[in-house]
Amino acid sequence: MAVHLPVVDNRSSIRGDGSRATVHPADVRGRFNTARVVVFGVLLAAYALVPWVTINGHPMVLLDVARRQFFLLGRVFNAQDVWLTFFLLSGIGFGLVGLTAVAGRAWCGWACPQTVFLESLFRPLQRLIEGPAAQRHRREAGPWTAGRLLRRALLWALYLALAAAVAHVFLGYFTPIRGLWAMIKAGPAASPEAFGWTAAITAAMFFNFAWFREQTCVAICPYGRLQSVLTDPDSLVIGYDVTRGEPRTKGKVKAAGAGDCVECNRCVVVCPTGIDIRNGLQLDCIACTRCIDACDDVMDRLERPRGLIRYDSLRGLQHGARRFLRPRLALYAAFGLAGLAATALALRSHTAFEANVLRLNGPPYALDGEMVRNAYDIHLVNKQGRRVTFAVDPVGGAPFAFVIPMARVTLEPLADAHVPVFVTAPRRDLHGDARVRLRVRPLGAGEALTVEAPFLGPD
Ligand code: SF4
Ligand code: SF4
């Protein structure tokens with residue numbers, strides 16, 4: 001039977017027999033690397049600090065799923081507001097699609113948590129314990145000595161600690177972070193659910209960052225797969241200028257008719273997904289810019305202009321003019337803005353409390369001689385992050401008489417309550433479509449809501 005081997009084309013993450021080879025990207029220095037270190041630092045700081053920040057006395061971001069309480073930018077939401085996430089996520093989703101059409105996989109190279117955690121935490125740790133890439137390659141080609149085993153054990157122990165730390169910060173987005181230390185001290189038995197999630201996230205991160213790494217981007221991430229349909233010849237990508245670089249010649253001295261690429265392979269050895277960008281734009285490219293810095297460095301040494309590998313559109317790399325405004329961009333922007341505008345509008349109309357009038361279970365009305373009685377249930381939800389007292393009052397009078405046993409209700413933040421209301425009216429005064437109206441108002445500041453329901457009786 002014929003065996004089909006993969007086409008590996010300079011791909012250092014796959015061996016000729018199809019098995020995976022660990023990628024150890026070489027160190028690189030340059031302007032994009034410096035910029036990325038700064039951006040990653042800011043993102044990591046934001047990741048660690050956001051759970052601690054409060055606005056108007058509420059967490060800036062807290063998705064307390066267990067209590068159905070959600071805080072975003074100081075505003076409080078409950079389970080009834082979950083529909084808002086549709087517009088928010090669609091706005092963000094189309095924003096990302098629009099960004100891809102403009103700047104390719106800028107998200108992957110500059111802001112994706114996979115890249116940020118790997119490049120700024122896990123890879124530097126490996127560099128510290130196991131040395132630079134060349135040393136790691138050499139060691140991997142040799143036998144498992146005691147020193148190599150010891151290094152690997154230490155590295156994995158540190159990876160595990162780091163993954164656990166990142167997972168605990170993540171937990172701070174779902175449970176109040178100020179109570180986290182107390183939860184940890186109380187032990188897993190006191191909060192088994194939180195412990196289970198944290199352990200699972202720690203394990204997933206350890207697996208991903210210690211071993212799986214670039215395979216997440218090239219084999220699992222759906223966004224990477226969509227790249228080819230989201231970008232077009234005018235999108236900004238990282239590419240190799242074929243017309244300038246080819247034909248390649250080795251050495252410093254440029255032969256007549258030779259291109260600028262000197263086949264030093266630096267752009268390949270620094271690539272975290274193990275590809276050769278000179279083979280053209282590939283799904284495996286996460287736009288990390290490392291090959292730009294590596295090649296610019298080579299060009300500087302050779303005293304040739306930078307930019308043999310650069311940020312450019314496919315049209316620009318073929319020395320054509322890049323168009324910025326294209327129909328697809330307008331479409332993505334329109335969808336993205338529509339989603340964000342809908343979210344903004346919904347937030348503006350977001351009420352501080354909810355009051356819905358329902359009928360109490362049982363027959364629709366009761367007759368007591370010539371009097372008809374209806375029973376209602378007002379479901380009251382305090383959507384604020386503070387305790388509020390509500391007043392429930394009838395609107396209008398005759399022919400209705402109201403009995404409201406809980407006319408004043410105090411609700412804790414995001415709590416709800418059911419307020420029974422009994423209404424009676426003389427049968428002879430009921431004509432046509434009779435309706436009962438009640439006003440619910442928060443005592444102190446805040447607008448009142450009027451709710452109404454039909455009053456039912458015998459025909
Ligand atoms: S780093 Fe630049 S010069 Fe060296 S192989 Fe890559 S493209 Fe050619
Ligand atoms: S080809 Fe260049 S930009 Fe793409 S992943 Fe490799 S090093 Fe990063």
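In this predicted model, the residues of the shell around ligand 1 comprise 10 nonpolar, 2 polar and 3 charged residues. Altogether 15 residues surround ligand 1, and the closest are C261, C264, R266, C267 and C295. Two elements give two or more residues to this shell, namely helix 12 (266–269) and helix 13 (290–301). The largest share, 3 residues, comes from helix 13.

**Nonpolar cores**

Helix 13 also takes part in the largest nonpolar core, to which it gives the most, with 5 residues. This core holds 32 residues, and those touching the most other members are I238, C267, I277, A287, C291, C295 and I309. At least two core residues each are supplied by helix 3 (106–110), helix 9 (214–220), strand 6 (236–240), helix 12 and helix 13. C267 is in contact with I277, C291, A294, C295 and I309, leaving aside residues up to four places away in sequence. Another core, of 21 residues, lies apart from the largest one and has F353, A355, I378 and V421 among its members.

The two cores are set out below.

| Core | Residues in core | Members, among them |
|---|---|---|
| Largest nonpolar core | 32 residues | I238, C267, I277, A287, C291, C295 and I309 |
| Another core | 21 residues | F353, A355, I378 and V421 |

**Helix 8**

Helix 8 (residues 192–212) contains 21 residues. From its first C-alpha to its last it reaches 28 Å, close to the 30 Å expected at 1.5 Å a residue. The buried residues in helix 8 include T198, T202, M205, F206 and F209. These residues lie on the same side of helix 8 because they cover an arc of only 105 degrees around the axis. Helix 4 (113–130) and helix 6 (146–171) are among the elements that cover the buried residues of helix 8.

The face of helix 8 turned away from the buried side carries the exposed residues P192, E193, G196, A200 and W211. Of these, A200 counts as exposed because it has 11 C-beta neighbours inside 10 Å, where the cut-off for an exposed residue is 12 or fewer. A200 and G397 are 197 residues apart along the chain, and their C-alpha atoms are separated by 60 Å. After helix 8 comes R213, which has a positive phi, near 45 degrees.

Key: Residues numbered from 1 in each chain as written. Chains lettered and ligands numbered in written order. Predicted model: local features only at pLDDT ≥ 70, side-chain atom pairs only at ≥ 80, totals over all residues. Near = placed C-beta within 6 Å. Helix = DSSP H or I, 4+ residues; strand = E, 2+ residues; numbered from the N terminus. Nonpolar A, V, L, I, M, F, W, Y, C, P; charged D, E, K, R; others polar. Expected span 1.5 Å × (residues − 1). Buried ≥ 20, exposed ≤ 12 C-beta atoms within 10 Å, placed from the backbone. Arc of directions from axis to C-beta. Contact = placed C-beta atoms within 7 Å. Core = buried A, V, L, I, M, F, W, Y, C linked by C-beta atoms within 7 Å.
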